[in-house]
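User: Please take a close look at one part of this model, the sheet and the side-chain pairs that belong to it. A connected account, residue by residue where possible, would be appreciated.

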Amino acid sequence: RYYVYSAQADYTRQTFGGIRLQAGAKYTHTHNTGLSDSSDPIDGTVYFHNTTRLDDELVAGYLTLSRQTGKFYISAGLRGEYYHSHYRQNGQNLYRGDKFTAYPSLQVNYTASPSLIFSIGYNNKSQRPTFSELSPIVRYINAMLYEQGNPGLRMTSTHNLYASCVI
């Protein structure tokens with residue numbers, strides 16, 4: 001069984017001094033249970049029997065302020081995420097974790113002319129492994145090929161610094 005519950009709210013408003021405010025929140029809960037077994041149909045010998053349960057929960061919020069001033073556009077933001085994950089196989093805890101992470105961002109654009117725009121910026125993002133990448137249950141693709149996940153995989157975080165010129 002696979003259940004996903006999600007809610008999201010976003011808000012945008014033009015504030016004092018021409019500053020644009022964007023804010024939002026998101027909640028996601030994922031619950032997955034699985035059963036995988038194999039046995040000999042003749043004598044009933046059980047080759048393997050696996051039960052899995054995955055519960056993931058994400059609570060996030062963000063705030064971004066931006067402003068156009070002459071030829072400059074500036075945007076700064078901060079996103080905060082609380083992530084809780086609990087993964088069990090055959091009643092044993094394979095992974096349990098809680099983590100709060102802040103993700104800042106900054107971007108500055110300079111429009112020299114309508115056909116020449118310079119941009120620099122920084123952002124920090126994360127990527128989490130999917131359920132199939134985590135699940136240690138063997139999945140047979142065909143008689144010669146199978147795949148199996150790794151419950152030891154963790155979230156990755158990237159810091160991106162960039163500069164660009166649009167002509």
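Analyst: The account begins with two charged residues, both of which are buried: arginine 88 and aspartate 55. The model is a predicted one. The side chains of arginine 88 and aspartate 55 meet in a salt bridge, with 2.9 Å from N to O. Because arginine 88 belongs to strand β4 (residues 72-89) and aspartate 55 to strand β3, this pair ties together parts that are 33 residues apart in sequence. Both residues also take part in a network of salt bridges, which links Arg53, Asp55 and Arg88. In general terms, side chains of opposite charge can pair when their charged atoms come close. Over the whole structure, the search finds four salt bridges.

Glutamate 81 is a second centre of charge pairing. Its side chain meets that of arginine 79 in a salt bridge of 2.8 Å, N to O, and it meets the side chain of arginine 128 in another of 2.6 Å, N to O. The pair with arginine 128 links distant parts of the chain: glutamate 81 lies in strand β4, whereas arginine 128 lies in the loop between β6 and α1 (131-134), 47 residues apart. Glutamate 81 counts as buried because its relative accessibility is 6%, and the cut-off for that class is under 20%. Its two partners fall into another class: arginine 79 is partly exposed, with a relative accessible area of 27%, and arginine 128 is partly exposed as well, at 23%.

These strands belong to a wider arrangement. Seven strands form an open sheet in the order β1-β2-β3-β4-β5-β6-β9, and their pairing is antiparallel. The edges are taken by β1 (2-14) and β9 (156-166); each has a single partner strand, so one side of each is left without a neighbour in the sheet. From one strand to the next, the twist averages 10 degrees. As a general point, the side chains in a regular strand alternate between the two faces of the sheet.

At one edge, β1 pairs with strand β2 (residues 20-39) in the antiparallel sense over 13 bridges. Glutamine 14 has arginine 20, in β2, as its bridge partner. The two strands form a hairpin with five residues between them, and in its turn glycine 17 has a positive phi of about 70 degrees. Strand β2 also pairs with strand β3 (residues 46-69), again antiparallel, over 20 bridges. Here serine 38 stands opposite phenylalanine 48 in β3. The hairpin of β2 and β3 has six residues between the strands, and glycine 44 takes a positive phi near 80 degrees there.

At the other edge, 11 bridges join strand β6 (residues 116-127) to β9, and the two strands run antiparallel. Serine 126 stands opposite serine 157 in β9. Strand β6 also holds serine 119, which counts as buried because its relative accessibility is 9%. The side chain of serine 119 makes a polar contact of 2.7 Å with the side chain of asparagine 109. Leaving aside residues up to four places away in sequence, serine 119 touches Gln107, Val108, Asn109, Tyr162, Ala163 and Ser164.

Aromatic side chains complete the picture. A pair of aromatic rings is described by the distance of the centres and the angle of the planes. The structure holds two aromatic pairs. In one of them, phenylalanine 72 and tyrosine 110 are tilted, 4.9 Å from centre to centre and with 50 degrees between the planes. Phenylalanine 72 lies in strand β4 and tyrosine 110 in strand β5 (residues 92-113), so this pair ties together parts that are 38 residues apart in sequence. Phenylalanine 72 is partly exposed, with a relative accessible area of 39%, and tyrosine 110 is partly exposed too, at 29%. The rings of tyrosine 140 and tyrosine 146 have their centres 6.0 Å apart and their planes at 55 degrees, and this pair is therefore tilted. Both tyrosine 140 and tyrosine 146 are exposed.

Key:
Residues are numbered from 1 along each chain as its sequence is written. Side-chain values use heavy atoms; hydrogens and water are left out. Two strands pair if DSSP finds at least two bridges between them. Helices (H or I, at least four residues) and strands (E, at least two) are DSSP runs, numbered from the N terminus. Axes are lines fitted to C-alpha atoms, for helices over the stretch in contact, and angles run from 0 to 180 degrees between N-to-C directions. Buried means under 20% relative accessible area, exposed over 50%, partly exposed in between (1.4 Å probe, protein chains only). A polar contact is a pair of N or O atoms within 3.5 Å; within protein, one must be able to donate a hydrogen and the other to accept it, and residues adjacent in sequence count only if both atoms are side-chain atoms. Contact means heavy atoms within 4.5 Å. Rings of Phe, Tyr and Trp (its six-membered ring) pair if their centres lie within 6.5 Å; planes under 30 degrees apart count as stacked, over 60 as edge-to-face and the rest as tilted.
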